Amino acid sequence: MTIAHSLQKAAANAIEANAFLQDPAALRSATKPQLRRYEVSSLLPSGAIAETRHIAPALPLFEDAFCAFSRGSLVETANGPVAVEDLLPGDDIQTSGGGSQPLVWIGHTSILPARPGSRGRSHRLTSFMADSLGLQKPASSLVAGPAARLLRTPPHLQSADSGQLLTPVAEFQDGMSIFETAPPTPVDMYHLCLPRHAAITVGGLDFETYHPGPDALKLASYAIKTLFLNMFAHANSIQDFGPLAYSRAGSSRSSQAIL
């Protein structure tokens, strides 16, 4: 995929043209979304690693691709646990269903959890104390970002036919061993993408890998679609992310794809 020579200019043009979302409320708003820097490491078809920097709006479409795991989170690989910031594209990541997949994409950005975004969106984190979800779950304290989803269904979302759901981490907050936290200083956040959507073990808990969702770009303009897809060397369209491996909490089970 061709990477734009000036993503900052493209992002600014998209905002000036009110192209960030086809949302009447957003179009009426006089407040423009702030821009954020996003850093990406990608595995190219040749086996080489490409590192790029992008400037794009600080909107959920973009932020959710980067804000799952905090620096220091230990990801299970074929060679044992590795801190998320030390992973490289091409590393074999263990999946919860068995086997492994090569890491094809790593996204990184920094957020200020104590400061809401330009449109009032919270960036608060969720802190899990050791053993808060069972023995060694997690093995030690773990801080997850607002975009992280656990392959686990909390009691208040369970039903007879719910099965295993990918649930936002905020749904597990109990105010005691799992709680919201908002440090006043910048926090480095990461997300990971595999060739196929999967659950991976991070700090002893099963989290999903990045997938934008089949309808993520449905309401986005051409300019925003281009900015977004330019961040992913392995994807030319939303279909290239493949099917979802598990249903997400709040989504229809009919949208769950077969593995």
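# Exercises on a predicted model

The protein chain exposes about 12,400 Å², and carbon and sulfur atoms supply 51% of that area. The model is predicted. Work through each exercise with the structure open.

## Exercise 1. The chain as a whole

Task: state how many helices and strands the protein chain has, what share of its residues is buried, and what share of its contacts joins residues 24 or more positions apart.

Solution.

1. Start with secondary structure. The protein chain has four helices and 17 strands.
2. Turn to burial. The chain has 259 residues, and 44% of them are buried. Buried here means under 20% relative accessible area.
3. Finish with contacts. Take those with a separation of 6 or more; residues 24 or more positions apart account for 61% of them.

## Exercise 2. The nonpolar cores

Task: find the residues with the most contacts inside the largest nonpolar core, and name the element that gives the most to this core.

Solution.

1. Size the core. The largest nonpolar core has 30 residues.
2. Pick out its best-connected members. Phe62, Phe66, Trp105, Phe228, Met231, Phe232 and Phe241 have the most contacts inside this core.
3. Map the core onto elements. Two or more residues come from each of S1, helix H3 (60–63), S8, strand S14 (187–193) and helix H4 (222–229).
4. Select the main contributor. H4 gives the most, with four residues.
5. Zoom in on Met231. Leave out residues up to four places away in sequence; Met231 then touches Tyr38, Val40, Ser42, His54, Ala56, Phe62, Phe66 and Trp105.
6. Look for another core. A second, separate one has 25 residues, including Ala148, Leu150, Ala198 and Leu205.

## Exercise 3. Two pockets

Task: give the volume of the largest pocket and of the second largest pocket, then describe the lining of each.

Solution.

1. Take the largest pocket. It holds about 460 Å³ of space.
2. Locate its centre. The pocket has 23 lining residues, and Asp64, Arg149, Pro212, Gly213 and Arg248 are the closest to the centre.
3. Sort that lining by class. It has 11 nonpolar, six polar and six charged residues.
4. Move to the second largest pocket. Its volume is about 280 Å³.
5. Find its central residues. The lining has 15 residues, with Glu39, Val40, Ser41, Glu51 and His108 nearest the centre.
6. Assign elements. Strand S1 (35–43), strand S2 (49–57) and strand S8 (105–111) each give two or more residues to the lining of the second largest pocket.
7. Sort this lining too. The second largest pocket is lined by seven nonpolar, three polar and five charged residues.

## Exercise 4. Backbone details in one loop

Task: in the loop between S9 and S10, find the place of Pro138, and examine Asp131 and Gln136 for phi and exposure.

Solution.

1. Find the loop. Pro138 sits between strand S9 (125–128) and strand S10 (142–144).
2. Check the peptide bond before Pro138. The bond joining Lys137 and Pro138 is cis, with omega about -5°.
3. Check Asp131, in the loop between S9 and S10. Its phi is positive, about 65°, although Asp131 is not a glycine.
4. Judge the exposure of Asp131. Its relative accessible area is 40%, so Asp131 is partly exposed.
5. Check Gln136, which lies in the loop between S9 and S10. Its phi is near 65°, a positive value in a residue other than glycine.
6. Judge the exposure of Gln136. Its relative accessible area is 47%, so Gln136 is partly exposed.

How values were computed. Residues are numbered from 1 along each chain as its sequence is written. This is a predicted model: local features need pLDDT of at least 70, side-chain atom pairs count only at pLDDT 80 or more; totals for chains, interfaces and linings use all residues. Side-chain values use heavy atoms; hydrogens and water are left out. On a 1 Å grid over the protein atoms alone, a cavity is a set of points where a 1.4 Å probe fits but cannot get out, and a pocket is an open set with protein on both sides within 12 Å along at least five of seven lines; lining residues have an atom within 4 Å of a point. Grid points are joined across faces, edges and corners, and a volume is the space filled by probe spheres set on the points. Ala, Val, Leu, Ile, Met, Phe, Trp, Tyr, Cys and Pro count as nonpolar, Asp, Glu, Lys and Arg as charged, and the others, Gly among them, as polar. A nonpolar core is a set of buried Ala, Val, Leu, Ile, Met, Phe, Trp, Tyr and Cys residues joined through side-chain atoms within 4.5 Å. Buried means under 20% relative accessible area, exposed over 50%, partly exposed in between (1.4 Å probe, protein chains only). Contact means heavy atoms within 4.5 Å. Accessible areas come from the Shrake-Rupley method with a 1.4 Å probe; for residues, only the protein chains shown count as cover.
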